[in-house]
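The exercises below each set a task and then work through it step by step. Please keep the sequence and the structure in view while you read.

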Amino acid sequence: MSVRVPMRSTGAEQLVVAMKVPNGTGARGCIVQLYRKEQPSSGRILLSEAKPFSISKRLIWEAYKRVKANGGAAGVDRQTIEEFEVDLKNNLFKLWNRMSSGSYFPKAVRRVEIPKDDGGTRPLGIPTVADRIAQAVVKQILEPELEKHFHPDSYGYRPNKSAQEAVGVARQRCWRYNWVLDLDIKGFFDNIDHELLMRAVRKHTDCNWVVLYIERWLKAPVQMQDGTLCSREKGTPQGGVISPLLANLFLHYAFDMWMRKNYPQIPFERFADDVVCHCRSEAQSQRLRTEIESRFAQCQLELHPQKTKIVYCKDEDRQGSHPHEQFDFLGFTFRPRQSRNRWGKLFVNFSPAVSNKAQKLMRGTIREWRVHQRSDKCLEDLARMCNPVMRGWINYFKSYCRSAIRPTLDHLDRILVRWAMRKYKKLKKHQRRACQWLKRIQLKQPGLFVHWQFLHAGAGR
């Protein structure tokens, strides 16, 4: 950096600084004008900061707090949030300095394969802690602007929107519409077209550093599990802080606005890439599926041929038949169920309840705790370990057909019986006696385990 200082030193004098800005900022060889001001009291001379991008340090701090609250694994540098906090002040200043000067470049994204129920795997991309903080900074700038334009039936990863709300709206619309088109986008996060996405980003922001860093994140390489680096020409890593917002923006134009323009009479619910459309007839559903396939092909996306299906909402008043009479949406299975009306009379209702898939995952998580092997723990310790997770499950699934989650909650009680038989000699090999012992504890301390409170409240209703 070369500085040219004028000969005169009176008043506010302009210093012309020729700075070389990193490639890609659009300001290579730009002239940044600084001003030298003399303070009357002390006579000291101050220079304004030579930064091409104006980024508040407060934004960096707020982004760090959000990343810390969400937790997450380490990236390619293997640095955890706790290790990042060892030198927190310098690490945050370094990130702010690089982002403000345009010299910030993200590191590669660590790829992790998450097993799926169908035997396959779901690729997950984990950025470093510093990169997650930088993405949170951009999200704070971009999200308020995009929220003004997003469709009201888009529920995924948005403030003041929830999956429970989407399920409730879907339930009401299934009562009014006879047919559902259940859409599944094949490898959505891995197939987002970068050019189309950046066109949408530029439509909603003229902030140069926001556009610059989103482009760099999209092009950041992926580190595979064997350590090799692979370049990425499309897609955004599922696991990045900014990825859900970018995914919503992409589908906002690829699907939401297209539906509003071409099929305004067909309501839908979308949570990220999970979409449910409500149709009046089977013919309308088939025609809509064909049109959506064509639309997604234009956007470099593809519907999953097996998971995308047309479903008939069968109930007491709709007595027809169809190969598909149920579908899963956000952990709930929509299908014909026996319900009671306000007068206590049984009838068949097309409604949601916790899915078998979700219950299988919950029971798998309970088994991973290995509660029955923790003989060194007391019952209060086990409650502190299990309650946070159990509370989240109950709060989510109790809203619709709360009795459907009971078998999963009973599964934990059966494991607690095994724990008691292993811990106490008087209960060893006496399962019935251990069940009676646990029942007495439940009656004496119904608030010890959160699922005991839920089951007790349900029994009293």
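**Exercise 1. Describe the salt bridge between Glu 113 and Arg 111, and decide for each residue whether it is buried, partly exposed or exposed.**

Solution. Begin with the pair itself in this predicted model: the side chains of Glu 113 and Arg 111 meet in a salt bridge, with 3.2 Å from N to O. Next, take the accessibility of each partner, remembering that buried means under 20% and exposed over 50%. Glu 113 has a relative accessibility of 28%, so this residue counts as partly exposed, and Arg 111, with a relative accessible area of 25%, is partly exposed.

**Exercise 2. Find which elements the salt bridge between Glu 215 and Arg 202 ties together.**

Solution. The closest N and O atoms of Glu 215 and Arg 202 are 2.6 Å apart, and the two residues form a salt bridge. Because Glu 215 lies in helix 7 (residues 208-219) and Arg 202 in helix 6 (residues 194-204), the pair ties together parts that are 13 residues apart in sequence. As for exposure, Glu 215 is partly exposed at 22% relative accessibility, and Arg 202 is partly exposed at 44%.

**Exercise 3. State which residues the network of salt bridges with shared partners joins, and locate Glu 62 and Arg 58.**

Solution. The network consists of Arg 58, Glu 62 and Lys 65, joined by salt bridges that share partners. Within this network, Glu 62 forms a salt bridge with Arg 58, their closest N and O atoms being 3.7 Å apart. Both Glu 62 and Arg 58 belong to helix 1 (residues 57-70), where they lie four residues apart, about one turn of the helix. Glu 62 counts as partly exposed at 26% relative accessibility, whereas Arg 58 counts as exposed at 52%. The structure as a whole holds 16 salt bridges.

**Exercise 4. Explain why strand 7 is largely enclosed, and identify its pairing with strand 11 and strand 12.**

Solution. Start with burial: five of the six residues of strand 7 (residues 179-184) are buried, and therefore the strand is largely enclosed by the rest of the structure. Then turn to the pairing, where six bridges join strand 7 to strand 11 (residues 274-279) in an antiparallel arrangement, with Leu 181 having Cys 277 of strand 11 as its bridge partner. Strand 7 also pairs with strand 12 (residues 309-312), again in the antiparallel sense, over four bridges, and here Val 180 has Val 311 of strand 12 as its bridge partner.

Conventions. Residues numbered from 1 in each chain as written. Predicted model: local features only at pLDDT ≥ 70, side-chain atom pairs only at ≥ 80, totals over all residues. Heavy atoms only, no water. Buried < 20%, exposed > 50% of the residue type's maximum accessible area, 1.4 Å probe, protein only. Helix = DSSP H or I, 4+ residues; strand = E, 2+ residues; numbered from the N terminus. Pairing = 2+ DSSP bridges. Salt bridge = Lys/Arg side-chain N within 4 Å of Asp/Glu carboxyl O.
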